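Have the sequence and the model side by side as you read. We will start from a single residue and work outwards.

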Amino acid sequence: MAQLQINFLSESLMRTVTINAVIPFDKIRMPWEEAPKLKTPFKTLYLLHGIFGNYTDWISGTNIQRWAEEKNLAVIMPSGENHFYMDCEANGERYSRFIGEELPRKMCELFPLSTAREDTFIGGLSMGGFGAITNGLRYRERFGRIIGLSSALIFSDICDPDSKDLGRSVFGSRFYETLLGPAEGFKGGPADYNALLDKAAADGEKPVFYLCCGVDDSLLGVNREFADRVRAKGFTCTYEEGPGAHEWDFWNRYIKKVLDWLPLGEDTEGINSGNIGDR
């Protein structure tokens, strides 16, 4: 597995951005083993971090690199800059377009990644779960599967000026309005995951969902409600709960479950610094 840090000038964000990528193209075997066959183009997971994080979070907080190598899965990890991965008209930074259009295009130009919808997945935790759900539905012609871990499905908080939501309490009362426009325009807008779900159900292009949340997480109720709504709209949806709160121990366990759930081929991990193999 090659781990790369990539810097490039983004048209959507109008500045140089940094991403992490893990690409499983460097597998080798011991001399007595059959030479590995490179399985390309690779299936790809675009993996989004939570609030206060950046492109390093998933590598430092979980075992995603090792598990992706075992599955021959490419993983692309951008930064969301606390913007909930949405287009911001106030400053011209178009994170949704970056995630849904520009980033996949550029990664396919750089690496041997599949462009097929059934091979392209988007997921995230907390704020990243919000971003994965909204952008996975908005760009459902690109992403065949959507993964939300402890997703920050806080639409009711966004619309409530008296909410004690983290974004309002830390960044100020106009935090969401700056990102997404006046609160009265949220319903039915690009951040309204319920409206996006309804539209996807109506046009028949339905991604497959994996959703989960810890039983001690304050977001448990909204995740349960959304999973029920997804299934009621006729989407295929796996929903799981387990011990844990809004924390890396939970996300590390469940990203492994996500990789087991994805339609990926089985393979051995090959030689690496933690496994030199047995004769």
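Tyr85 is buried, because its relative accessible area is 0% and the cut-off for buried is under 20%. This model is predicted, so treat each value as computed from it. Where does Tyr85 sit? Its place is in the loop between strand S4 (73–77) and strand S5 (87–88). A loop residue can be buried, then, and Tyr85 is a case of it.

What does Tyr85 touch? Leaving aside neighbours within four places in sequence, its contacts include Leu48, His49, Ser79 and Gly80. Tyr95, Ser96 and Ile99 are also among them. So are Met127, Gly128, Gly131 and Asn135. Take Leu48 as an example. Tyr85 and Leu48 are 37 residues apart along the chain, and their C-alpha atoms are separated by 8.7 Å.

The loop between S4 and S5 also holds Glu81. Glu81 is partly exposed, with a relative accessible area of 40%. Its phi is positive, about 55 degrees, although Glu81 is not a glycine. Phe52 is another non-glycine residue with a positive phi, here about 75 degrees. Find Phe52 in the loop between S3 and helix H1 (57–61). Is Phe52 buried or exposed? It is exposed, because its relative accessible area is 51% and exposed means over 50%.

Now follow Tyr95, Ser96 and Ile99, three of the contacts of Tyr85. They belong to the buried residues of helix H3 (residues 95–110). Phe98, Gly100, Glu102, Leu103, Pro104, Lys106 and Met107 of H3 are buried too. The helix has a kink of about 40 degrees at Glu102. That kink lies shortly before the proline Pro104.

Two of these H3 residues lead into the largest nonpolar core. That core has 54 residues. Leu103, Met107, Phe209, Leu211 and Phe226 touch the most other members. Met107 gives a view of the packing. Beyond its neighbours within four places in sequence, Met107 is in contact with Phe8, Ile19, Tyr46, Ile76 and Leu113. There is also a second, separate core of 26 residues, which includes Ile64, Leu149, Phe250 and Leu264.

Next, look at the sheet. Strands of a sheet pair through backbone hydrogen bonds, either parallel or antiparallel. In what order do the 8 strands of this open sheet run? The order is S1-S2-S4-S3-S7-S8-S9-S10, and the pairing is mixed. Strand S1 (2–10) and S10 are the edge strands, each pairing on one side only. From one strand to the next, the twist averages 20 degrees.

Walk along the end of the sheet that holds S10. Strand S8 (residues 145–149) pairs with S9 in the parallel sense, over 5 bridges. Arg145 has Val208 in S9 as its bridge partner. Strand S9 (residues 208–214) then pairs with strand S10 (residues 237–242), again in the parallel sense, over 6 bridges. Here Cys213 has Glu241 in S10 as its bridge partner. How does the chain get from S9 to S10? It crosses through helix H9 (residues 220–232), and this β-α-β crossover is right-handed. H9 lies across S9 and S10 and runs at about 160 degrees to S10. Helix H4 (residues 127–138) also lies across strands: S3 (43–48), S7 (120–125), S8 and S9. H4 runs at about 150 degrees to S7.

Turn now to helix H2 (residues 64–71). Its buried residues are Ile64, Trp67, Ala68, Glu69 and Lys71. They pack against S3, H1, S4 and helix H10 (248–261). After H2 comes Asn72, whose phi is positive, near 55 degrees.

H1 holds Gly61. Gly61 counts as partly exposed, at 23% relative accessibility. Leaving aside its neighbours within four places in sequence, Gly61 is in contact with Trp248 and Asn252. Gly61 and Asn252 are 191 residues apart in sequence, yet 7.2 Å apart in space, C-alpha to C-alpha.

Finally, step back to the whole chain. Its secondary structure comes to 10 helices and 10 strands. Of its 279 residues, 54% count as buried. How many of the contacts between residues at least 6 apart in sequence join residues at least 24 apart? The share is 72%. The pair Gly61 and Asn252, 191 residues apart in sequence, is one to look up in the model.

Definitions and conventions
Residues numbered from 1 in each chain as written. Predicted model: local features only at pLDDT ≥ 70, side-chain atom pairs only at ≥ 80, totals over all residues. Heavy atoms only, no water. Pairing = 2+ DSSP bridges. Helix = DSSP H or I, 4+ residues; strand = E, 2+ residues; numbered from the N terminus. Right-handed = clockwise from strand over helix to strand, strands pointing away. Core = buried A, V, L, I, M, F, W, Y, C linked by side-chain atoms within 4.5 Å. Buried < 20%, exposed > 50% of the residue type's maximum accessible area, 1.4 Å probe, protein only. Contact = heavy atoms within 4.5 Å. Bend = angle between axes of the 7 residues up to and from the residue. Axes fitted to C-alpha atoms, helices over the stretch in contact; angles between N-to-C directions.
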